[in-house]
Amino acid sequence: MRPPGFSQEEWQTRVDLAACYRLVAHFGMSDLIYNHITARIPGTDLLLINPYGLMYEEITASSLLTIDLDGQIVRNADPQYGINAAGYVIHSAVHAHRPDVHCVIHTHTRAGMAVSAMKCGLLPLSQTSMRFYRIAYHDYESVALELDERERLVRDLGSHNAMILRNHGLLTAGPSIAQAFNTLYWLEMACKVQVDVMKSGQDIQLPPEHVLEKTWHLYQPQVRRPFGEMEWPAMLRLLDRRDASYRN
């Protein structure tokens, strides 16, 4: 039930964002209390972000902080928690320069970090990997605390919704929380596939260029469907069967 003081649009965004945090934890993509998933409150330039100190599996709809694009806290249910400056730098950059983006996810997974350190980048080894045939890259500049890095980060992201932060991790974005999560899930899977294939020591088989282009094209949201939307209710049902406290 929506508590007083929240519009229906904001509360739904809070519930979906809390669900996304729980899903990232459920699928083994969290990093203790670190990293972030942000979502724009519909019709505003305000962002929702996790309290710095809670694990992803502890996040609830009401615990999320509201910040502006300058990183100032606008609403905080528990003042003992603040925000991580590095998360503000990365996420605010994307939200400020991409009005089409509603949600941004950044992870430090084992497979994602492994591929981020490979000079070859993400290889089109499987159908899942080919979805990211035109993925963006951003070179590592140390811990993301310098505001001037935002310009280079959004330049490298361009109009893409997935990017590998070299020697760092993964970033996905989307017009909805559902789409951003789906992109992250399959990008993570593509990284795991690459680590497995390279670990096998076997010769690598790659499809021809025209097949790679065709497969990438078929994963574009305007071609068949925006991946993530159809899957999202099933993701919420998964959480509800296990622990529905994210809705609080």
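These are my notebook entries on salt bridges and one histidine in a predicted model.

**Ground rules.** I number residues from 1 along each chain as its sequence is written, and I leave hydrogens and water out, so that side-chain values use heavy atoms. Because the model is predicted, I accept local features only at pLDDT of at least 70 and side-chain atom pairs only at pLDDT 80 or more, whereas totals for chains, interfaces and linings use all residues.

**Entry 1, the salt-bridge search.** I searched the whole structure for salt bridges (a side-chain nitrogen of Lys or Arg within 4 Å of a carboxyl oxygen of Asp or Glu), and the search returned 10. I looked up three of the pairs, among them Arg22 with Asp243.

**Entry 2, Arg22 and Asp243.** The closest N and O atoms of this pair are 3.4 Å apart. Arg22 sits in helix α1 (residues 8-26) and Asp243 in the segment after α8 (232-242), so the salt bridge ties together parts that are 221 residues apart in sequence; helices here are DSSP runs of H or I with at least four residues, strands are runs of E with at least two, and both are numbered from the N terminus. For accessibility I used a 1.4 Å probe and protein chains only, with buried meaning under 20% relative accessible area, exposed over 50%, and partly exposed in between. Arg22 is buried at 8%, while Asp243 is partly exposed at 37%.

**Entry 3, Asp139 and Arg166.** I found these side chains joined in a salt bridge at 3.9 Å, N to O. Asp139 belongs to the loop between β6 (136-138) and α5 (149-157), and Arg166 to the loop between β7 (162-165) and β8 (169-174), 27 residues apart. Asp139 counts as exposed, at 52% relative accessibility.

**Entry 4, Arg152 and Glu141.** Here the closest N and O atoms are 2.8 Å apart. Arg152 lies in helix α5 and Glu141 in the loop between β6 and α5, so the pair connects parts that are 11 residues apart in sequence. Arg152 is partly exposed at 26%, and Glu141 is also partly exposed, at 32%.

**Entry 5, His168.** I then turned to the loop between β7 and β8, where His168 lies, and noted that His168 is buried at 15% relative accessibility. Its side chain makes a polar contact with the side chain of His108 at 2.9 Å (a pair of N or O atoms within 3.5 Å; within protein, one must be able to donate a hydrogen and the other to accept it, and residues adjacent in sequence count only if both atoms are side-chain atoms). Leaving aside neighbours within four places in sequence, I list Ile90, His106, His108, Met113, Ser116 and Tyr140 as in contact with His168, contact meaning heavy atoms within 4.5 Å.
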